[in-house]
Amino acid sequence: MAALLGSLVSPTVSASTDIDVRLLRAQWPAEPSTRALLELEPIQDVLKAVTGEKRFVVRIRHAPDEAGGDWGSELMVWLIAFGIPQDAIALEAGAVEPQALQIWVEPRQSAGDE
């Protein structure tokens, strides 16, 4: 398991490519665990996209209700546990498919970026 996690995340995470994925509530395990979440293709896609040396932001758009916000926050906690810095994750309430989270990774522009 440690090898799998180590191959997906790195302490110097960054976005190598833009990615836009949807995570459905039906995909979310009843008992979330490291193993169960790392088996989810949307989570794998996000973690693979944040490898490299450039800065990035992971945006999580959730339904604008309490349940959507709670689920988005729970995913954020897991992504932090998988090595993504908290300041590189943004939660956004907005229009999304019911019972879904929209997650995308994009480069973060800074003064030194080209």
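**Exercise 1. A salt bridge between strands**

Task: Which residue forms a salt bridge with R59, the closest N and O atoms being 2.9 Å apart, and which strands hold the two partners?

Solution: The partner of R59 is E92, whose closest O atom is 2.9 Å from the N atom of the arginine. R59 belongs to strand β2 and E92 to strand β3 (residues 89-93), so this pair ties together parts that are 33 residues apart in sequence. A salt bridge is counted where a side-chain nitrogen of Lys or Arg is within 4 Å of a carboxyl oxygen of Asp or Glu, while helices (H or I, at least four residues) and strands (E, at least two) are DSSP runs numbered from the N terminus.

Before going on, note that this is a predicted model, in which local features need pLDDT of at least 70 and side-chain atom pairs count only at pLDDT 80 or more, whereas totals for chains, interfaces and linings use all residues. Residues are numbered from 1 along each chain as its sequence is written, and side-chain values use heavy atoms, with hydrogens and water left out.

**Exercise 2. From one pair to a network**

Task: Find which residues are linked with R59 in a network of salt bridges, and how many salt bridges the count comes to.

Solution: Take E106 to begin with, whose side chain meets that of R59 in a salt bridge of 2.8 Å, N to O. E106 lies in strand β4 and R59 in strand β2, so here the parts tied together are 47 residues apart in sequence. Next, check the accessibility: R59 is partly exposed at 24% relative accessible area, and E106 is likewise partly exposed, with 24% (buried means under 20%, exposed over 50%, and partly exposed in between, with a 1.4 Å probe and protein chains only). The network itself links R59, R61, E92 and E106, and the count by this rule comes to five salt bridges.

One of the salt bridges joins the side chains of E39 and R35, at 3.7 Å from N to O. E39 counts as exposed, at 55% relative accessibility, and R35 counts as exposed too, at 52%.

**Exercise 3. The two faces of strand β1**

Task: In strand β1 (residues 19-24), which side chains are buried and which are not?

Solution: In a regular strand the side chains alternate between the two faces of the sheet. Following the strand, one finds that I19, V21 and L23 point to one face and are buried, while D20, R22 and L24 point to the other face and are not. The next step is to find the neighbouring strand: β1 pairs with β4 in the antiparallel sense over six bridges, where pairing requires that DSSP finds at least two bridges between the strands. In this pairing, D20 stands opposite W104 of β4.

**Exercise 4. One side of helix α3**

Task: Which residues of helix α3 (residues 41-49) are buried, and how wide an arc do they cover around the axis?

Solution: The buried residues in this helix are P42, I43, V46, L47 and A49. They cover an arc of only 160° around the axis, which puts them on the same side of α3; the arc is taken from the directions that lead from the helix axis to the C-beta atoms. An α-helix has 3.6 residues a turn, so residues three or four places apart point the same way.

**Exercise 5. The surroundings of H62**

Task: Is H62 buried or exposed, and which residues does H62 touch?

Solution: H62 has its place in strand β2 (residues 56-62), and with a relative accessible area of 8% this residue is buried. Leaving aside residues up to four places away in sequence, H62 touches G68, G69, L91, E92, A93, G94, V96 and L101, a contact being heavy atoms within 4.5 Å. E92, one of these neighbours, is also the salt-bridge partner of R59.

**Exercise 6. The chain as a whole**

Task: In what order do the elements run, and what share of the residues is buried?

Solution: The chain has four helices and four strands, and from the N terminus on they run α-β-α-α-β-α-β-β. Of the 114 residues, 39% are buried. Among the contacts with a separation of 6 or more, 81% come from residues 24 or more positions apart.
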